[in-house]
Amino acid sequence: KDAGFSVKDIYFFNIVGFVSWIVRDKIEKKNIHLKPYQIAVFDSIVPFLRFLETKIRPPIGISLIAVAIKK
């Protein structure tokens, strides 16, 4: 708002990434590198997750999306 924008919409995105971050970095407290098959599995479900998150907006996530209009 201070920069002259009006916020049209704001929401979280990527709840799955948030949950995996909590498990991997906060609960296990290890810097575990993902294996190629784990990345492939995640990449295969991304289109479904992208569709799902457009229909049901999660209350938390790794990213915050903001849509604003210049006044």
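Two residues are in contact when heavy atoms of theirs lie within 4.5 Å. Keep that in mind for later, and keep in mind too that what you're looking at is a predicted model.

Let's start with the overall layout. The protein chain has 2 helices and 2 strands, and if you walk along from the N terminus you meet them in the order β-α-α-β. There are 71 residues in the protein chain, and buried ones make up 7% of them. About 6,000 Å² of the protein chain is exposed, with carbon and sulfur atoms supplying 65% of that area.

Now for how the chain meets itself. Take the contacts between residues at least 6 apart in sequence: 93% of those join residues at least 24 apart. Isoleucine 69 gives you a concrete case to look at. You'll find isoleucine 69 in strand 2. Leaving aside residues up to four places away in sequence, isoleucine 69 touches Gly4, Phe5, Ser6 and Lys8. Look at phenylalanine 5 in particular: 64 residues separate it from isoleucine 69 in sequence, yet the two are 5.3 Å apart in space, C-alpha to C-alpha. Isoleucine 69 still counts as partly exposed, because its relative accessibility is 46%, and a residue is called buried only under 20%.

Phenylalanine 5 has another partner worth a glance. Lysine 70 lies over the face of phenylalanine 5, at 5.0 Å from the ring centre. A second positioning of this sort involves arginine 57, whose charged end sits over the ring of tyrosine 11, 3.9 Å from the centre of that ring. And what about rings paired with other rings? Searching the whole structure for aromatic pairs turns up 0.

Stay with arginine 57 for a moment. Side chains of opposite charge can pair when their charged atoms come close. How many salt bridges does a search of the whole structure find? The search finds 1. It is made by the side chains of arginine 57 and aspartate 9, at 2.9 Å from N to O. This pair ties together distant parts of the chain, 48 residues apart: aspartate 9 belongs to strand 1 (residues 5-13), while arginine 57 is in the loop between helix 2 (36-55) and strand 2 (63-70). Are the two partners buried or exposed? Arginine 57 is partly exposed, with a relative accessible area of 44%, and aspartate 9 is partly exposed as well, at 25%.

Next, move to the loop between strand 1 and helix 1 (15-27), where asparagine 14 lies. Most residues other than glycine have a negative phi. Asparagine 14 isn't a glycine, but its phi is positive, at about 75°. As for its surroundings, asparagine 14 counts as partly exposed because its relative accessibility is 22%.

Finally, have a look at the surface. Val7, Ile10, Phe12 and Leu64 make a nonpolar surface patch of about 350 Å². Which element gives the most to the nonpolar patch? That's strand 1, with 3 residues. Valine 7 is in strand 1, and with a relative accessible area of 46%, valine 7 is partly exposed.

Methods: Residues are numbered from 1 along each chain as its sequence is written. This is a predicted model: local features need pLDDT of at least 70, side-chain atom pairs count only at pLDDT 80 or more; totals for chains, interfaces and linings use all residues. Side-chain values use heavy atoms; hydrogens and water are left out. Rings of Phe, Tyr and Trp (its six-membered ring) pair if their centres lie within 6.5 Å; planes under 30 degrees apart count as stacked, over 60 as edge-to-face and the rest as tilted. A charge sits over a ring if NZ of Lys or CZ of Arg is within 6 Å of the ring centre and within 35 degrees of the ring normal. A salt bridge is a side-chain nitrogen of Lys or Arg within 4 Å of a carboxyl oxygen of Asp or Glu. Helices (H or I, at least four residues) and strands (E, at least two) are DSSP runs, numbered from the N terminus. Buried means under 20% relative accessible area, exposed over 50%, partly exposed in between (1.4 Å probe, protein chains only). Patches are made of residues with over 30% relative accessible area and no salt bridge: like charges are joined within 9 Å, nonpolar side chains (Val, Leu, Ile, Met, Phe, Trp, Tyr) within 5 Å. Accessible areas come from the Shrake-Rupley method with a 1.4 Å probe; for residues, only the protein chains shown count as cover.
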